Amino acid sequence: MKEDLMLPSEKIVQMLTGASRAQAIYVAARLGLADLVKDGPKTAAELARATSTHPHALHRLLRALASEGIFAEEADGRFALTPPAACLLTDAPQSQRSLALMMGEEHFRAYGDLLYSVRTNKPAFDHVYGKPIFDYLATQPRSAEIFDAAMTGVHGAETAAMLDAYDFKGIGTLADVGGGNGSVLRGVLE
């Protein structure tokens, strides 16, 4: 339904159920479902065997995602990749898999404590994890790797355009403030 044709109550329902859709995308990303159907459609039972999940529960998840255009259920019951599902491929350019993992794990818990932030004006992340996000990431290498990949997936496309638009020759000192994994600076240096 087009958003401008929605009733206010329908819009609120859509917004309130957003977390469940986001978590469904997270689970698909965590299980690597897009990678598993990259070479061709598979049944929920085949995918369940590959992911050590319950076939009926996975089938329900896949049908929910298909109802949103993330994966497609074919007439024979197999599930196929769609353009939105392809964004969850591990090796896709501008992959959003890491963003789904980051948002579905630590950030999901932090957003769940948003009321704390509104009451105190303090970050919910700090409250939930006992330290600011970058201090937390310094002690969690896997989470830090996912964070860096998520930021690259969200912002990586700008690097090529920036390199095409700006001539960096003659610069003696260059700093990438907030550079995360250094991919922008690496692009400039190359």
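**Salt bridges, a surface patch and enclosed spaces**

Asp76 has a relative accessible area of 48% and therefore counts as partly exposed, since the class of partly exposed residues runs between the 20% limit for buried ones and the 50% limit for exposed ones. The model in which this value was computed is a predicted one, and what follows should be read with that in mind. The side chain of Asp76 meets that of Arg78 in a salt bridge, with 2.6 Å from N to O, and Arg78 is itself partly exposed, at a relative accessible area of 28%. This pair belongs to a wider arrangement, in which salt bridges with shared partners join Glu74, Asp76 and Arg78 into one network.

Side chains of opposite charge can pair when their charged atoms come close. The structure as a whole holds seven salt bridges, and two further examples show how such pairs can connect separate parts of the chain. The side chains of Arg30 and Glu105 meet at 2.4 Å, N to O; because Arg30 lies in helix H2 while Glu105 lies in the loop between H7 and H8, this salt bridge ties together parts that are 75 residues apart in sequence. Both partners are partly exposed, with Arg30 at 34% relative accessible area and Glu105 at 22%. The other example is the salt bridge between the side chains of Arg63 and Glu73, at 2.9 Å from N to O, which links helix H5 (residues 55-67), where Arg63 is found, to strand E1 (residues 72-73), where Glu73 is found, the two residues being 10 apart. Arg63, at 48% relative accessibility, counts as partly exposed, and so does Glu73, at 35%.

Which residues form a nonpolar patch on the surface? Ile12, Met15 and Leu16 do so, and together they have about 350 Å² of accessible area. Leu16 belongs to helix H1 (residues 8-16), and with a relative accessible area of 66% it is over the 50% limit and so is classed as exposed.

From the surface we can turn to an open space, the second largest pocket, which holds about 230 Å³. Its lining is made up of 15 residues, and those nearest the centre of the pocket are Ala22, Gln23, Ala100, Met103 and Gly104. Helix H2 (18-31), helix H7 (97-104) and H8 are the elements that each give two or more residues to this lining, with H2 contributing the most, namely five. In character, the lining of this pocket is divided into 10 nonpolar and five polar residues, with no charged ones.

A search of the whole structure also finds one cavity of 30 Å³ or more, and the space within this largest cavity comes to about 40 Å³. Its lining consists of Met102, Glu106, His107, Phe125, Ile133, Tyr136, Leu137, Ser143 and Phe147, and the elements that supply two or more of these residues are helix H8 (106-111), helix H11 (133-139) and helix H12 (141-155). The largest share, three residues, comes from H11. Sorted by character, the residues lining the largest cavity are six nonpolar, two polar and one charged. Helix H8 therefore appears in the accounts of both spaces, as it gives two or more residues to the lining of the second largest pocket and likewise to that of the largest cavity.

Key: Residues numbered from 1 in each chain as written. Predicted model: local features only at pLDDT ≥ 70, side-chain atom pairs only at ≥ 80, totals over all residues. Heavy atoms only, no water. 1 Å grid on protein atoms, 1.4 Å probe; cavity = no way out; pocket = protein on both sides within 12 Å on 5 of 7 lines; lining within 4 Å. Points joined across faces, edges and corners; volume = space filled by probe spheres on them. Helix = DSSP H or I, 4+ residues; strand = E, 2+ residues; numbered from the N terminus. Nonpolar A, V, L, I, M, F, W, Y, C, P; charged D, E, K, R; others polar. Patch = residues over 30% accessible without salt bridge, like charges linked within 9 Å, V, L, I, M, F, W, Y side chains within 5 Å. Areas by Shrake-Rupley, 256 points an atom, 1.4 Å probe, with all protein chains shown as cover. Salt bridge = Lys/Arg side-chain N within 4 Å of Asp/Glu carboxyl O. Buried < 20%, exposed > 50% of the residue type's maximum accessible area, 1.4 Å probe, protein only.
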